[in-house]
Amino acid sequence: MTEQENELLEMYIEYIRKRNLIIFIIVFVVVALGIFGLYKFKTLNNNVEESNVIEEVIKEENIIKEEVKVENNVEIKEQKVEENKQTQNVENTTISNEKIETEKKEEDKKEKTEKVENKKQESSPAVSKKYENKDFLFKDGYTMENVTQAAQDYLKKSGQAGQCIPIKDNEGIYIGMRVIFN
């Protein structure tokens, strides 16, 4: 080969190296942005799920409050009816029938109250219990596939506001997921 051909070959090899370096940098930036976007999407998705759970609990509490108000109104109306009936002179048989009806209504009211209390207990046992922050580590048997779900389930079960945060060791390697309550 001549000296001119050697120079052209060296220039071509240098061009290939620069091109490969630029392609590598572009691919690296695209992958990094993709991972960052995925992490942000998961965080946003977790926040949306948390707010949905909180909204459901609030709706259930509002329904329970409305049921209690309706029961209180029924109770007041029953008292007024009883007072009106007591002021009238009614035959003994009518009075006994009314007593039976009011007893049935009171029993129904008690059953409704018990149902409302049961609903309250069912909807708020997790809120009354204080859950502690918890780590879900790979060394404890969790995997990349199930660690997020396990942490989310724990957070939902608590009924408290909190976050699921990935845990890294000193070298930046993921070692699990942590649930932190606000």
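## Briefing: fold, pocket and surface patch

The protein has four helices and three strands. Please keep in mind as you look around that this is a predicted model. Following the chain, the elements come in the order α-α-α-β-α-β-β. Of the 182 residues in the protein, 15% are buried.

**The largest pocket**

- If you are looking for open space, the largest pocket has a volume of about 640 Å³.
- Its lining is made up of 25 residues, and Y39, K42, T148, P166 and M177 are the ones nearest the centre of the pocket.
- Four elements each give two or more residues to this lining: α1, α4 (147–158), β2 (162–168) and β3 (174–181).
- Helix α1 gives the most, with eleven residues in the lining of the largest pocket.
- By chemical character, the lining splits into 13 nonpolar, nine polar and three charged residues.

**The nonpolar surface patch**

- On the surface, L21, F24, I25, F28, V29 and L33 form a nonpolar patch.
- Together, these six side-chain owners, L21, F24, I25, F28, V29 and L33, have about 640 Å² of accessible area.
- L33, one of the patch residues, sits in helix α1, which spans residues 3–87.
- Is L33 buried or exposed? L33 counts as exposed because its relative accessibility is 57%, and the cut-off for exposed is over 50%.

**Where the two topics meet**

- Helix α1 is worth a look for both topics: L33 of the nonpolar patch is found in α1, and α1 also gives eleven residues to the lining of the largest pocket.

Terms used
Residues are numbered from 1 along each chain as its sequence is written. This is a predicted model: local features need pLDDT of at least 70, side-chain atom pairs count only at pLDDT 80 or more; totals for chains, interfaces and linings use all residues. Side-chain values use heavy atoms; hydrogens and water are left out. Patches are made of residues with over 30% relative accessible area and no salt bridge: like charges are joined within 9 Å, nonpolar side chains (Val, Leu, Ile, Met, Phe, Trp, Tyr) within 5 Å. Accessible areas come from the Shrake-Rupley method with a 1.4 Å probe; for residues, only the protein chains shown count as cover. A salt bridge is a side-chain nitrogen of Lys or Arg within 4 Å of a carboxyl oxygen of Asp or Glu. Buried means under 20% relative accessible area, exposed over 50%, partly exposed in between (1.4 Å probe, protein chains only). On a 1 Å grid over the protein atoms alone, a cavity is a set of points where a 1.4 Å probe fits but cannot get out, and a pocket is an open set with protein on both sides within 12 Å along at least five of seven lines; lining residues have an atom within 4 Å of a point. Grid points are joined across faces, edges and corners, and a volume is the space filled by probe spheres set on the points. Ala, Val, Leu, Ile, Met, Phe, Trp, Tyr, Cys and Pro count as nonpolar, Asp, Glu, Lys and Arg as charged, and the others, Gly among them, as polar.
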